[in-house]
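Please examine the structure below with the following explanation at hand. The text starts with an enclosed space inside the protein, then turns to the sheets and finally to the chain as a whole.

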Amino acid sequence: MSNPESNYTFKKWWKEAVVYQVYPASFKSRNAIDKVDGWGDVSGIIEKVPYLRSLGVDVLWSSPIYKSPQVDMGYDIADYKSIDPRYGTLGDVDLLIKTLSDHDMKLMMDLVVNHTSDQHDWFVESAKSRDSPKRDWYIWRPAKGFDQAGNPVPPNNWAQILGDTLSAWTWHEATQEFYLTLHTPEQVDLNWENESVVAAIYDVMEFWLSRGVAGFRMDVINLISKDPTFPDAPITDPTSKYQPGERFFTNGPRFHEFMHGIYHNVLAKYDTITVGETPYVTDIEEIIRTVGSNAQELNMAFNFDHMEIEDIKTKGESKWTLRDWKLTELKGIISGWQRRMQEWDGWNAIFLECHDQARSVSRYTNDTDEFRARCAKILALLETTLGGTLYLYQGQEIGMRNFPIDWDPDTDYKDIESVNFWKKSKELHPVGSEELVKARVLLQKKARDNARTPMQWDATPNAGFAAADVKPWMRLNDDYKEINVEAQMSFPSHEAGELSVWQYWQRALQHRKLNKDVFVYGDFEDLDFENEKVFAYLRTDAAKKERWLVLMNWTTSAVDWTLPSGIQVTSWVLSTLQTAPIRSGQPSVTLRAFEGVVGRCK
C-alpha cells in the first residue's frame with residue numbers, strides 16, 4: 001500500500017535511528033585464525049555491542065562478512081548464505097542478532113547483488129560452457145574482433161570502475177567470450193534480465209530477513225540494469241584506451257522495475273531499513289523515484305556530492321584529483337539536499353564517512369594535533385543537527401584521521417583501487433618526478449585505505465584491536481596511543497569542562513533523540529549563506545513551536561556572528577568546547593576557533 005502521508009509527518013523507527021557502520025576486518029579481532037594476519041571477526045563485534053549502545057547506536061550496519069576470496073574486501077561474494085571463516089560462522093551471526101536485540105538494537109547487512117565473485121558457484125557453472133544452464137546468469141558477449149597481435153577486442157570501450165586503465169570486460173579463454181566485470185576482473189556482473197537471477201536474489205534476501213536481519217545497505221544497487229546494446233562510451237580521456245561508461249549502466253532502463261520487484265516480493269513483508277548506494281545520479285526527480293515516500297523502492301539513498309567536493313571534473317569524473325574548495329560550496333551541497341528532500345518528499349541519509357571515503361576530519365576541516373578534536377566535534381554537531389537518518393562510521397566517534405604521508409604506497413596501502421592507481425602512476429611517471437610525488441599526496445588524501453586502518457580501542461600494542469602477539473592485516477595508524485576509545489571515554493570532564501570527541505558524540509546523539517521532532521523531521525533554513533567562515537542554520541519543528549539555531553565556526557580564529565533580527569536565543573544548550581551553556585540574550589556571538597553551538601530560540 002502506498003503511504004499518503006509525507007516522509008516528514010509519517011514517523012518511522014528507521015528515520016530516527018542512529019546507524020553505526022562496522023568494517024569487520026578492522027573493528028575488533030577476538031578469534032585470530034593465525035598469528036600472521038589479525039582480522040576482525042563477528043565475535044569481536046559481539047563484544048563491543050554494549051559499547052555501541054552506550055554511545056547511542058540503534059542499528060549496526062556491517063560491511064560484507066560473507067564467504068569471499070577478499071579481492072575487494074568482501075564485496076566479491078562467493079556464497080551469500082555462508083560466513084567467511086575468518087569472520088566466524090552463521091551461528092556467530094545469529095548470536096550477534098540476539099545480542100543486538102537484547103540491547104534494543106538491530107542488524108543491517110550489506111547486500112551486494114550487482115555482481116558476485118568469480119568463485120561463486122553460479123559463475124563457476126556459468127563458465128563451464130556456452131551451453132551451461134547458468135550461462136545467462138552473467139553478461140557474456142563475443143569479442144568485437146581481434147587486434148593485429150591476435151588479442152581479442154572487448155565488446156566496448158568501458159573502463160573498470162576500480163582500475164580505469166583496464167577494460168570492464170574479462171576474456172574467458174575456455175569458452176572464447178568476454179564477461180562483464182565493472183569493478184575488478186574477479187567481480188562478475190549478474191544478468192538481472194534473467195528471471196532466475198532475480199528469484200535467486202529474492203531468496204538470499206529472505207534468507208537473511210527471516211534470520212532477524214532488519215534490512216540492507218544495497219551496494220551499487222543502481223547499476224543492476226544496463227543498456228542492453230552496450231554501446232561505446234564517449235571519449236572523455238583521450239590518453240586512456242578505456243572510458244568511463246557509467247551513463248550506460250546507471251539507473252538503466254529496467255532499474256525501477258527491478259527495485260519495485262524487490263520491494264513488493266520481499267521488503268514489503270518486513271519492517272525494514274534500506275539504504276542504497278546509488279553513485280553517478282544527482283537529479284532530484286530521478287532520485288525521488290527511488291526514495292520518495294510513495295516510491296516503493298528504498299527508504300533512502302546516499303548522496304555523494306559532498307564526497308566529491310575536492311574532485312576536478314573538467315575531464316569527466318575523476319576521484320584522483322584535488323582542488324581547494326570554499327565553505328559556501330559545502331554549505332550549498334548540504335543545505336541544498338536538506339531543502340530538496342523536504343520539498344520533494346524524499347528522505348536523507350546523513351553521513352560524512354564510510355569505508356569508501358577518507359576520514360572526514362582530514363578532508364573537511366583541520367586534522368592537526370592542535371585542532372583535530374575541535375574539528376571532529378563540529379562535524380559531530382553538523383551530523384546530529386541535520387534532518388534524515390544519521391550514519392556514523394567506526395572511528396569517527398573518536399575523530400580518527402588519515403594516516404601520515406610517509407606510509408609506503410607499495411606496502412602499506414591494501415585497497416585494490418589504491419593499488420591500481422599507484423601502479424598506473426608508476427608506469428606513467430619516473431621515480432622522483434613531481435607527478436609521482438603528487439600521486440602519493442593524492443593517495444594520502446583520498447585513498448579508501450584511510451578509513452580501513454584497525455579501530456583504535458586503547459594504547460596497548462595493536463590498539464586493543466588484536467592480541468599483542470598477532471600481526472594485524474593492516475597497519476595501525478601511528479597516532480593510536482593518543483587517539484583511542486579508552487582515553488576518550490575516561491576523559492576527565494566536569495560541568496564547565498571540555499568534552500572529548502567521544503563524549504561529545506554521546507551527548508549530541510542524546511540531544512538529537514530528545515529533540516527528534518526538530519532535528520530529524522523539522523524544517524531547515526540556511527542563514528548567512530555567503531559567509532565563508534560560519535555555517536549557520538535554523539531547525540524548526542512541524543508545529544513551529546520550537547526553533548533551534550546551529551552555528552559553526554569553520555576557521556582557526558575567533559569569529560563574531562550577529563544574530564539576525566527575529567532570532568533571539570533563550571539558552572545555549574550545546575557547545576563543542578564546553579558543557580555549560582554560554583550566556584544568552586546577546587545580539588552577537590563570539591565563536592572560538594572551530595567552535596560549534598546550538599541554541600534554543602524564541
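In this predicted model, the residues that line the largest cavity divide into ten nonpolar, four polar and no charged. The volume of this largest cavity is about 180 Å³. Its lining consists of 14 residues, and those closest to the centre are H306, I334, W337, A349 and I350. Two elements, α9 (327-344) and β16 (349-350), each give two or more residues to this lining. Helix α9 supplies the largest share, namely five residues. When cavities of 30 Å³ or more are counted, the model has four.

Strand β16 leads from the cavity to a sheet. Which strands make up this open sheet, and in what order do they lie? There are eight, arranged as β15-β14-β13-β5-β2-β1-β17-β16, and their pairing is parallel. The edges of the sheet are occupied by β15 (300-302) and β16; each has a single partner strand, so one side of each is left without a neighbour in the sheet.

The pairing can be followed in detail between two strands of this order. Strand β1, residues 18-22, pairs with strand β2, residues 59-62, in the parallel sense, and four bridges join them. Within this pair, V19 stands opposite V59 of β2. A helix also packs on the sheet: α6, residues 195-209, touches both β5 (106-111) and β13 (215-218). The direction of α6 makes about 135° with that of β13.

A second sheet offers a contrast in the sense of pairing. It is an open sheet of three strands in the order β7-β11-β10, and here the pairing is antiparallel. Its edge strands are β7 (140-141) and β10 (169-172), each of which pairs on one side only. Strand β7 is joined by two bridges to β11, residues 177-180, and these two strands run antiparallel. Here R141 stands opposite F178 in β11.

The chain may now be considered as a whole. It contains 16 helices and 24 strands. How compact is a chain of 602 residues with a radius of gyration of 24 Å? The globule rule gives 25 Å for that number of residues, and the value for this chain is close to it, so the chain is as compact as a globular protein of that length. Along its principal axes, the C-alpha trace spans about 80 × 60 × 50 Å.

Technical notes: Residues numbered from 1 in each chain as written. Predicted model: local features only at pLDDT ≥ 70, side-chain atom pairs only at ≥ 80, totals over all residues. Heavy atoms only, no water. 1 Å grid on protein atoms, 1.4 Å probe; cavity = no way out; pocket = protein on both sides within 12 Å on 5 of 7 lines; lining within 4 Å. Points joined across faces, edges and corners; volume = space filled by probe spheres on them. Nonpolar A, V, L, I, M, F, W, Y, C, P; charged D, E, K, R; others polar. Pairing = 2+ DSSP bridges. Contact = heavy atoms within 4.5 Å. Axes fitted to C-alpha atoms, helices over the stretch in contact; angles between N-to-C directions. Rg over C-alpha atoms; globule rule 2.2 N^0.38 Å.
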